[in-house]
Amino acid sequence: MTDDDIRVAAAPGTDGRVALVTGASGALGAAVAHVLDRRGYRLALHHTNGADRVREVAAQLSGPSLVVQADVADWAATRNMVSRVHAELGGISVLVNAGAIRRDGFMATQSVDDWTQTIAVNLTGTFHTCRAALPDMMRARWGRIINVISPAGLIGSPGQTAYSASKAGVLGMTRSLALECGSFQITVNALSPGLMATTLTEKMPAKTRAALVARTAFRRMGTPGEIATGIELLLDADYMTGQTISIDGGISIS
């Protein structure tokens, strides 16, 4: 066991299912972790560079957890991470892809490296985690894959061509993967959160952030806890797959 491991005694009544949350060091990933913990899942909490933050999240959980690190854009690293989760906690039943990066810029001036990295982490990284976790779910003939996208993947968003393309790509992958997995009783859905206080939105120019808030029906940001309520539905809905749940304050219809 390494310094990145945090193990807690199993909570009474847990059914032993294992959930992997990528981007668990972020505000939404942490909120999702708390939802899954309350439901008795054994949790693998992924981070790329946020070890201290994800340890704080793990320390707040009542059930067993394991902290893991990987660059999901790297297939070998992702496969090794999932193998470790399998060895330490068991086969993965639920995968929540909540990790993402954003490199904003108008296409005419955006660097090729920024575009490439955004696609590699957000889109290819989601493929990597799904590809690595699917065999466990297929053997169990049950599973839940929840891919966090963005309104930017549903509607136009100037200055976010790379981010929009990556999230739209994840949406297309979600729909096709849902059709591949149905016979194994694995659902694959997307959760599209609106503007909320995260490290991504903190980096936005204040003027841009204010303009987005003005487009919501509630004229405010959402909270990670409000967004994470969608996880409950996506865990319980046996007959819903290939769909997108938008919890975005109405920004995608404005």
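**Group meeting: arginines, a pocket and two cysteines**

Let's start with R220, which sits over the face of F218, 5.9 Å from the ring centre. By "over the face" I'm using a fixed test: NZ of Lys or CZ of Arg within 6 Å of the ring centre and within 35 degrees of the ring normal.

Before going on, the housekeeping. This is a predicted model, where local features need pLDDT of at least 70 and side-chain atom pairs count only at pLDDT 80 or more, while totals for chains, interfaces and linings use all residues. Residues are numbered from 1 along each chain as its sequence is written, and side-chain values use heavy atoms, with hydrogens and water left out.

There's another arginine of this kind: R17 lies over the face of W142, at 3.7 Å from the ring centre. What about pairs of aromatic rings? The structure has 0 of them. For the record, a pair needs ring centres of Phe, Tyr or Trp (its six-membered ring) within 6.5 Å, and planes under 30 degrees apart would be stacked, over 60 edge-to-face, and the rest tilted.

Back to R220 and F218, since both help line the second largest pocket. Which other residues are in that lining? They are G194, L195, T216, M221, G222, E226, I227, I247, D248 and G249. The volume comes out at about 150 Å³. A pocket here is an open set of points on a 1 Å grid over the protein atoms alone, where a 1.4 Å probe fits, with protein on both sides within 12 Å along at least five of seven lines; lining residues have an atom within 4 Å of a point. The points are joined across faces, edges and corners, and the volume is the space filled by probe spheres set on them.

By character, the lining splits into 5 nonpolar, 4 polar and 3 charged residues. The nonpolar class is Ala, Val, Leu, Ile, Met, Phe, Trp, Tyr, Cys and Pro; Asp, Glu, Lys and Arg are charged; the others, Gly among them, go down as polar.

Take G249 from that list. G249 is in the segment after β7 (244-247), with helices (H or I, at least four residues) and strands (E, at least two) being DSSP runs numbered from the N terminus. G249 is partly exposed, at 25% relative accessible area; the scale is buried under 20%, exposed over 50%, partly exposed in between, with a 1.4 Å probe and protein chains only. G249 and A217 are 32 residues apart in sequence, yet their C-alpha atoms are 5.7 Å apart.

Now two residues with odd backbones. R219 has a positive phi, near 55°, without being a glycine. R219 lies in the loop between α7 (206-214) and α8 (224-236) and is exposed at 55%. R141 also isn't a glycine, and its phi is positive at about 55°. R141 belongs to the loop between α4 (112-140) and β5 (143-148), and R141 is partly exposed, at 47%.

Helix α4 also holds R139, which is exposed with a relative accessible area of 61%. From R139 to F184 it's 45 residues along the sequence and 8.4 Å between C-alpha atoms.

On to the buried side. V94, in strand β4 (residues 92-97), is buried at 0%. Its C-alpha is 8.6 Å from that of A133, 39 residues apart along the chain. S150 is in the loop between β5 and α5 (161-181), and S150 is buried too, at 9%. S150 and Y163, 13 residues apart along the chain, have C-alpha atoms separated by 8.9 Å.

Last, the cysteines. How many disulfides does the structure hold? It holds 0, where a disulfide means two cysteine sulfur atoms within 2.5 Å. So why does C130 have no bond to C181? Because the sulfur of C181, the closest cysteine sulfur to that of C130, is 8.3 Å away, too far for a bond. Both are buried, C130 with a relative accessible area of 2% and C181 with 3%.

That's my tour; over to the group.
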